[in-house]
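Visitor: I am new to this structure and would like a close look at a single part of it. Could you take me slowly through the surroundings of the smaller details around one bound molecule, and then show me what lies beyond?

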Amino acid sequence: MVNFSLEGKVALVTGASYGIGFSIASAMGEAGAKIVFNDRNPELIEKGVAAYKELGIEAYGYICDVTDEPAVQAMVAQIEKEVGVIDILVNNAGIIKRIPMVDMSAEDFRQVVDIDLNGPFIMSKAVIPSMIKKGGGKIINICSMMSELGRETVSAYAAAKGGLKMLTKNIASEYGQYNIQCNGIGPGYIATPQTAPLREIQPDGSRHPFDQFILAKTPANRWGEASDLAGPAVFLASSASDFVNGHILYVDGGILAYIGKQP
Ligand code: NAP
Ligand code: GCO
């Protein structure tokens with residue numbers, strides 16, 4: 001029988017106080033996993049724990065910046081002591097800065113790559129040794145349309161998410177022998193705080209031009225919801241996907257398949 005249950009598993013979802021991470025973690029909790037999450041901001045940890053509780057999920061929250069390797073190593077050790085060995089890691093934490101490349105400072109570029117690419121490296125490096133000792137594990141990296149496509153103003157983000165696609169394939173290649181499966185989820189355009197600026201209603205009451213553009217580019221003719229990512233994430237975290245490795249699962253309503261509606 002195909003098994004999508006996560007009973008008895010410990011799942012760590014980074015940056016999961018809200019947004020896509022919260023939706024993925026909640027679904028994994030409903031599938032039976034013990035939920036652990038981190039954020040940089042103490043208030044968000046409190047808010048997150050309360051939000052999970054409202055769903056009947058007793059989540060463990062830790063204050064940690066995914067780019068701070070000593071802090072990440074300490075957090076993983078604390079989780080192993082307080083909750084248990086991490087069976088499932090979702091590298092969800094991420095930022096974007098929308099700036100034309102020639103106007104972008106090297107510092108801004110570095111910060112996006114640091115969080116969106118170095119962070120998943122640091123997190124994965126911290127959890128893999130215990131996964132090997134335990135006999136296996138699951139790593140899910142939250143990639144993007146920008147793992148495949150470019151567009152104006154997102155050079156740092158696309159470089160990071162393209163790199164994250166290849167880091168996913170490399171972890172799969174290097175650690176598959178230890179029964180660790182590493183896959184990616186590539187969300188399309190999802191209605192979260194990160195994309196709120198792209199959906200702002202214009203002064204004349206019309207939809208944001210980018211909002212209209214995405215609707216024309218998406219066969220599903222809608223923005224995704226964070227909940228659209230829950231099922232794919234539970235699948236990749238469960239034993240139902242034990243022979244899926246190094247795959248990027250695009251959850252995009254068909255954007256990557258479609259040339260776009262004639263204007
Ligand atoms: P979001 O609403 O901006 O949430 C991002 C989360 O990451 C927040 O909880 C944020 O916490 C946390 N975070 C940021 N930097 C961190 C750091 N250094 N250490 C720890 N936590 C950190 O974004 P989202 O839309 O849910 O996106 C989540 C992931 O999906 C990101 O990797 C994003 O690139 C990716 N994605 C999003 C879309 C979309 O359309 N929304 C599409 C494809 C991929 P703070 O409050 O502390 O910043
Ligand atoms: C943008 C958006 C996208 C989405 C997502 C698409 O400015 O183009 O923020 O990058 O966040 O990554 O998959």
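Guide: A backbone N or O atom of Gly188 lies 3.3 Å from an oxygen atom of ligand 2, which is a polar contact in the sense used here, a pair of N or O atoms within 3.5 Å. A second backbone N or O atom, that of Met145, is 2.8 Å from an oxygen atom of ligand 2, while the side chain of Arg98 brings an N or O atom to 2.6 Å from an oxygen atom of this ligand. The protein covers 96% of the 330 Å² of accessible area that ligand 2 has on its own, with areas computed by the Shrake-Rupley method with a 1.4 Å probe. Around ligand 2 there are 14 residues, of which Arg98, Ser144, Arg151, Tyr157 and Tyr189 come nearest; a residue is counted here if one of its heavy atoms lies within 4 Å of the ligand.

This is a predicted model, in which local features need pLDDT of at least 70 and side-chain atom pairs count only at pLDDT 80 or more, whereas totals for chains, interfaces and linings use all residues. Residues are numbered from 1 along each chain as its sequence is written, chains are lettered from A and ligands numbered from 1 in the order in which they are written, and side-chain values use heavy atoms, with hydrogens and water left out.

Tyr157, listed among the nearest residues of ligand 2, is also listed among the closest to ligand 1, together with Asp39, Arg40, Asn92 and Thr192. In all, 28 residues surround ligand 1. A polar side-chain atom of Arg40 lies 2.5 Å from an oxygen atom of ligand 1, and a polar side-chain atom of Thr192 is likewise 2.5 Å from an oxygen atom of that ligand, whereas Val66 places a backbone N or O atom 3.1 Å from a nitrogen atom of ligand 1. Of the 890 Å² of accessible area that ligand 1 has on its own, the protein covers 94%.

Turning to the cysteines, the structure holds zero disulfides, a disulfide being a pair of cysteine sulfur atoms within 2.5 Å. The sulfur of Cys143 has its closest cysteine sulfur in Cys182, and because these are 8.5 Å apart, they are too far for a bond. Cys143 counts as buried at 2% relative accessibility, where buried means under 20% relative accessible area (1.4 Å probe, protein chains only), and Cys182 counts as buried at 0%.

Terms used. Buried < 20%, exposed > 50% of the residue type's maximum accessible area, 1.4 Å probe, protein only. Polar contact = N/O pair within 3.5 Å; in protein donor to acceptor, adjacent residues only side chain to side chain.
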